[in-house]
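Subject: A structure for you to look at

Hi,

Here is the structure I promised to pass on. Have a look at it first, and then read on for what turned up in it.

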Amino acid sequence: LRVDLDEVVTLAVPPETLTAPPAPEWHLTAVRAPEAWAQGFTGAGVVVSTMDSGADGTHPDLAPAFRGGANSWFDAFSEYAAPSDPLGHGTQVMGLIVGGTAGGSAIGMAPGAKWIAARVFDAAGASTLSVLHQGFQWLLDPDGNPETDDAPHSVNNSWSRLEKTNLCFLEFAPDIAVLREAGIAVVFAAG
């Protein structure tokens, strides 16, 4: 019988199976997202949305973050019952916002957030003013019941009226004002 000091013994695990977080893509490093994540700002508890060509709800980087339920998907063209994106643009945008690490690197700015989406552009990338207004209206109350709190915290719009460049285009000012009054941050891409 003997008494020895205890010591650590480690399992020989191949490096590729270690659980280190995947490295972030360049765009996340450029805006110092990893520093924000380290401070606990991952988007947890936040619901984000887009008004775009849709979002692929089966995409491995997006599927886990979909909020789900009948109040999380709006297709202005009534073509898809579940989140879909025949064009791909909306999926890319949503990936930049909440995308995970399924592809081997971190791609989304707020990986802890949940998402909902309004498909307001068709497969050719076209829409109408009336459809865009419908999208804004849906975001204000996705389930149509004012008693429930199911609106997103923010909405991203990565689209523009190119023929109105450098002009003050006020078509959506009332929509934006109502969403802002409801506490929804309205974001438009700057080009």
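Please keep in mind that this is a predicted model. A good place to start is the sheet. It is open and built from 5 strands, which follow the order β2-β3-β1-β4-β5 with parallel pairing. At the edges sit β2 (73-75) and β5 (185-188), each of which pairs on one side only. From one strand to the next, the twist averages 20°.

If you zoom in on the β2 edge, you will find that β2 runs parallel to strand β3 (residues 114-119) and is joined to β3 by 3 bridges. There, aspartate 75 stands opposite arginine 119 in β3.

Now for the helices. Which strands does helix α3 lie across? Helix α3 (residues 89-98) lies across β1 (47-52), β3 and β4 (154-157), and runs at about 155° to β1. Helix α4 lies across β1, β2, β3, β4 and β5, and its angle to β1 is about 170°.

Helix α4 also has a helix partner. α4 (residues 129-140) packs with α5 (residues 173-181) at an angle of about 10°, and the two axes are 10 Å apart. Because angles under 35 degrees count as roughly parallel, α4 is described as roughly parallel to α5. On the α4 side, the contact is made by His133, Phe136, Leu139 and Leu140, which meet Asp175, Ile176, Val178 and Leu179 of α5. Sorted by class, this contact has 6 nonpolar residues, 1 polar and 1 charged.

Finally, the pockets. The largest pocket holds about 460 Å³ of space. Its lining is made up of 16 residues, with Trp159, Ser160, Arg161, Phe169 and Phe188 lying nearest the centre. Of the lining residues, 12 are nonpolar, 3 polar and 1 charged.

The second largest pocket has a volume of about 170 Å³. What lines the second largest pocket? The residues are Leu140, Asp141, Thr148, Asp149, Asp150, Ala151, Pro152, His153, Ala182, Gly183 and Ile184. By class, they divide into 5 nonpolar, 3 polar and 3 charged. Leu140 may look familiar: this residue of α4 is also among those that meet α5.

Happy exploring, and do write back with any questions.

Best wishes

Note on methods. Residues are numbered from 1 along each chain as its sequence is written. This is a predicted model: local features need pLDDT of at least 70, side-chain atom pairs count only at pLDDT 80 or more; totals for chains, interfaces and linings use all residues. Side-chain values use heavy atoms; hydrogens and water are left out. On a 1 Å grid over the protein atoms alone, a cavity is a set of points where a 1.4 Å probe fits but cannot get out, and a pocket is an open set with protein on both sides within 12 Å along at least five of seven lines; lining residues have an atom within 4 Å of a point. Grid points are joined across faces, edges and corners, and a volume is the space filled by probe spheres set on the points. Ala, Val, Leu, Ile, Met, Phe, Trp, Tyr, Cys and Pro count as nonpolar, Asp, Glu, Lys and Arg as charged, and the others, Gly among them, as polar. Axes are lines fitted to C-alpha atoms, for helices over the stretch in contact, and angles run from 0 to 180 degrees between N-to-C directions. Helices (H or I, at least four residues) and strands (E, at least two) are DSSP runs, numbered from the N terminus. Angles under 35 degrees count as roughly parallel, over 145 as roughly antiparallel, 65 to 115 as roughly perpendicular and the rest as oblique. Contact means heavy atoms within 4.5 Å. Two strands pair if DSSP finds at least two bridges between them.
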